[in-house]
Amino acid sequence: MLEKAQEGPRRESIRQSWFAGIGLGLSQSLTTSSWALDFWYGGKLIAQGYISAKALFETFMILVSTGRVIADAGSMTTDLAKGSDAVGSVFAVLDRYTRIEPEDPEGNQPQTITGLKDGYDTWCGDKGAQLSGGKKQRIAIAYYSLVSLQRRAPQSSQPFH
C-alpha cells in the first residue's frame with residue numbers, strides 16, 4: 001500500500017529531475033559556447049590587429065559578469081512574483097469600501113455596539129470587566145471610528161479649494 005501511495009510522487013520527482021537536468025545542461029552548454037565564441041572571434045580580431053589581448057579579456061570579463069547578474073536576476077523571479085502578490089493584497093485591503101459613512105445615518109451605528117443587550121446603554125462593569133478582550137477591542141475600534149468620523153463630518157461637506 002505504501003509503494004502504491006508513493007508511485008505518483010516518485011514519477012513526478014523523476015519528471016522534475018529530467019527537466020532540471022536538461023535545464024542545467026543547456027545553461028552550461030550556452031555558457032561554454034559563448035566563452036568559446038568570444039575567444040574564437042577575439043582571436044581573429046587580435047590576429048588582424050583590430051584589438052589588443054587586453055581588450056579581449058576586458059570584453060570577456062564584462063560578458064561573464066553581465067551573464068551572472070542576469071542569471072541571478074532570473075533566479076529571483078519567483079521571489080519577485082510573491083512580493084508583487086503581497087503588495088497587491090495590501091492594496092486590496094487599503095482599497096476596501098467601508099460601510100461606515102459620515103453622511104449615512106445607518107453607517108454610524110456599528111453592529112458591535114448595537115448588537116449588545118441594551119445597545120449603547122449596556123452595563124459592561126468597571127473598566128469593561130464583563131467583556132472579553134476581543135469585545136473590548138471591537139468596541140474600542142467602533143468608538144474611535146465614530147469619533148474620527150464625527151471630527152471629519154463637518155469638513156467632508158465643504159467643497160475642495
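Helices here are DSSP runs (H or I, at least four residues), numbered from the N terminus. The model is predicted, so to speak of local features needs pLDDT of at least 70, side-chain atom pairs count only at pLDDT 80 or more, and totals for chains, interfaces and linings use all residues. Residues are numbered from 1 along each chain as its sequence is written, and side-chain values use heavy atoms, leaving out hydrogens and water.

Let's start with helix H1, residues 2–48. Its 47 residues should span 69 Å at 1.5 Å a residue (1.5 Å times one less than the number of residues), and the end C-alpha atoms, 68 Å apart, agree with that. Along the way, H1 has a kink of about 35 degrees at Gly8, shortly before Pro9; the bend is the angle between axes fitted to the seven residues ending there and the seven starting there. Just after H1, Gly49 takes a positive phi of about 85 degrees.

Asp38, Gly42 and Leu45 of H1 are buried (under 20% relative accessible area, 1.4 Å probe, protein chains only). Helix H2 (53–75) is included in what covers the buried residues of H1, contact being heavy atoms within 4.5 Å.

Now to the largest pocket, an open set of points on a 1 Å grid, where a 1.4 Å probe fits, with protein on both sides within 12 Å along at least five of seven lines; lining residues have an atom within 4 Å of a point. Of its 14 lining residues, Thr31, Trp35, Val64, Gly67 and Arg68 are the closest to its centre. H1 gives the most to this lining, and H2 supplies at least two residues.

| Largest pocket | Value |
|---|---|
| Volume, as filled by probe spheres set on the points | about 350 Å³ |
| Lining from H1 | 8 residues |
| Nonpolar lining | 7 residues |
| Polar lining (Gly among them) | 5 residues |
| Charged lining (Asp, Glu, Lys and Arg) | 2 residues |

Key. Buried < 20%, exposed > 50% of the residue type's maximum accessible area, 1.4 Å probe, protein only.
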